[in-house]
Amino acid sequence: MTNADLPAPDDDGDDLFFLDERDEAESAAGTVETVHRWKMLIVDDEPEVHSITKLVLSDFAYKGRPAHFISAHSAAEAREILARESDIAMILLDVVMETEDAGLTLVHHIREELKNRHVRIILRTGQPGQAPERAVILDYDINDYKAKTQLTAQQLFTTTVAALRSYEDIMAIEANRRGLEKIIEASSSLFRARSMKLFAAGVLTQLSGLLGVGPDAILCVQRGPILGGQSDGLYVLAGSGRFEALINESATEHVEPAVMGAVVACLESRNHHYSADHCTLYIRTPNNRENVVYLRSDRPLSDLDRELIEVFCGKISVGFDNLHLYEQLHRAQQGTLAVLADLAENRPGPVEDAVTATTDGDSRVARTLRIATVAERIARQLHAAHRFPTDIDESFLAIIGLAAVLHDVGNASVDPAILGKTGPLDAAERAAMQRHTVAGGDLLDRASRLTEGHTHLHLGAEVARRHHENWDGTGYPDGLAGPAIPVGARIVAVADAYDAMTRERPYRAALGHEGAVAEIRRQSGTRFDPVVVEAFLAVAPELPAG
């Protein structure tokens with residue numbers, strides 16, 4: 001570019017002056033961090049153009065954000081910069097550099113290869129005849145075309161503001177689109193959850209991802225009794241960071257007063273609250289269940305953040321109701337199966353004894369459900385340790401407890417006198433007793449054919465037939481050994497043994513928790529799968545004893 005290419009002063013005195021090329025680091029210096037500046041890329045092979053542009057826009061600011069200039073003196077250098085800088089808002093681009101069409105080729109690279117549709121490209125040329133405006137506008141995705149002689153200081157300022165305004169609007173639309181996509185994806189994944197805890201934890205994870213904030217201090221508090229709870233109050237439903245250990249605990253007793261104050265204020269106002277370093281989100285379900293999410297943030301949330309939060313909360317509010325109903329249904333189903341399984345065993349005593357307390361304070365149904373609880377905890381430990389990944393997935397975890405409840409349903413085929421015998425069984429009685437595995441497996445197999453998919457009846461049929469198979473092949477009814485025994489049956493075998501050892505029997509005293517754990521450890525590798533025993537030992541301290 002020569003002096004003849006420079007614009008003459010206009011009527012308003014919009015003169016352009018030369019400025020010696022400054023060091024890039026100096027041009028980027030200032031009290032405002034680069035991340036809060038508008039990044040502008042100047043691509044031109046004339047050093048004077050870089051100097052003039054920086055001089056004219058040296059005090060430029062749009063919406064309180066100044067400019068951060070990045071210089072490239074060739075299209076090749078610009079490619080390198082664009083490969084590492086994804087948030088450049090505007091490019092002031094020369095056409096003729098190392099080649100006559102270097103600038104136009106760079107436009108094609110930006111739009112078609114980098115797929116960057118957001119950056120605003122202002123084409124500047126000192127030789128408009130080599131790149132006619134009409135052809136360039138039609139053939140290339142640029143946002144403005146200026147001859148360098150046209151760009152007075154005022155026109156450059158106006159063009160820059162227009163480009164940044166357009167860039168800002170496009171980025172807002174793009175952020176909104178990405179946010180809505182995340183909400184749709186989150187809703188789809190969350191509604192596959194089959195546990196209120198998993199659902200609530202998923203809500204926290206999705207909110208963290210949606211807002212781009214860290215999950216160091218996220219809390220979900222529910223008003224009213226948690227499922228199975230005995231009293232009303234505020235309970236921690238899910239948490240992360242310092243709240244992670246408080247799940248199912250009373251929020252009033254365990255959460256710091258400042259956080260509880262924010263949660264209570266949100267509940268009382270029944271509205272979202274936004275502060276500089278946190279927000280509280282009020283989620284009311286269609287069935288009037290109330291939840292509050294407390295979320296810390298290292299930055300104030302934008303209007304777009306708030307809009308996305310409100311869409312998300314509205315979307316997932318029904319999920320809390322669905323999961324509550326699902327868990328109630330699951331517990332009712334579990335209880336019903338436990339009663340039926342207990343009655344099927346033809347245990348001596350009135351039917352009402354199955355659901356009322358016995359002399360040691362437990363009901364027969366409660367004892368049956370204990371086996372389900374132990375089996376579920378072993379299975380979850382195996383899942384967490386990534387053991388048997390092809391067998392133990394979320395659907396398996398959802399039904400293993402119900403399958404465990406049905407493990408002894410075949411006792412309905414055994415003579416009650418044998419079931420109630422207080423002394424040792426003779427050979428014939430033992431053989432009759434062992435046939436309960438085959439009877440139970442056949443019964444549940446027939447029942448499972450009435451349903452589609454893999455249900456607790458299908459898994460229950462495996463468990464009922466195989467839960468007395470031993471790891472070393474000495475069990476019954478088929479003498480299976482090692483991996484040939486279904487995983488569900490291996491899990492229930494340990495849960496059933498633990499329950500039996502911790503119960504009083506007519507012919508022996510209960511071993512107690514420590515004794516039962518020691519005996520199961522001793523039989524690892526002979527009667528029980530060592531991997532399952534390892535998982536059992538990991539959860540043993542928290543298991544309910546008989």
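User: In which helix does E462 lie?

Analyst: In this predicted model, E462 lies in helix α16, which spans residues 456-466.

User: Is E462 buried, partly exposed or exposed, and how should I read its relative accessible area?

Analyst: Buried is the word for a relative accessible area under 20% and exposed for one over 50%, with partly exposed in between. E462 has a relative accessible area of 35%, so this residue is partly exposed.

User: Which residues gather with E462 in a patch of negative charge?

Analyst: On the surface, E462 is joined by D391, D393 and E394 in a patch of negative charge. One of these residues, E394, also opens helix α12, which covers residues 394-405.

User: How many residues of α12 are buried, and which are they?

Analyst: Helix α12 is mostly covered, with 10 of its 12 residues buried, and the buried ones are F396, L397, A398, I399, I400, G401, L402, A403, A404 and V405. For the protein chain as a whole, 45% of the 546 residues count as buried.

User: Where is P483 placed, and is this residue buried or exposed?

Analyst: P483 sits in the loop between α16 and α17, the latter running over 487-501. Because its relative accessibility is 68%, P483 counts as exposed.

User: What does P483 touch, leaving aside residues up to four places away in sequence?

Analyst: With those set aside, P483 touches W471 and R490. A separate reading is the C-alpha to C-alpha distance between P483 and D529, which is 8.6 Å, although the two are 46 residues apart in sequence. Across the protein chain, among contacts between residues at least 6 apart in sequence, 62% join residues at least 24 apart.

Terms used
Residues are numbered from 1 along each chain as its sequence is written. This is a predicted model: local features need pLDDT of at least 70, side-chain atom pairs count only at pLDDT 80 or more; totals for chains, interfaces and linings use all residues. Side-chain values use heavy atoms; hydrogens and water are left out. Buried means under 20% relative accessible area, exposed over 50%, partly exposed in between (1.4 Å probe, protein chains only). Contact means heavy atoms within 4.5 Å. Helices (H or I, at least four residues) and strands (E, at least two) are DSSP runs, numbered from the N terminus. Patches are made of residues with over 30% relative accessible area and no salt bridge: like charges are joined within 9 Å, nonpolar side chains (Val, Leu, Ile, Met, Phe, Trp, Tyr) within 5 Å. Accessible areas come from the Shrake-Rupley method with a 1.4 Å probe; for residues, only the protein chains shown count as cover. A salt bridge is a side-chain nitrogen of Lys or Arg within 4 Å of a carboxyl oxygen of Asp or Glu. Lys and Arg count as positive and Asp and Glu as negative; His and the chain ends are not counted. The place of a charge is taken as NZ of Lys, CZ of Arg, CG of Asp or CD of Glu.
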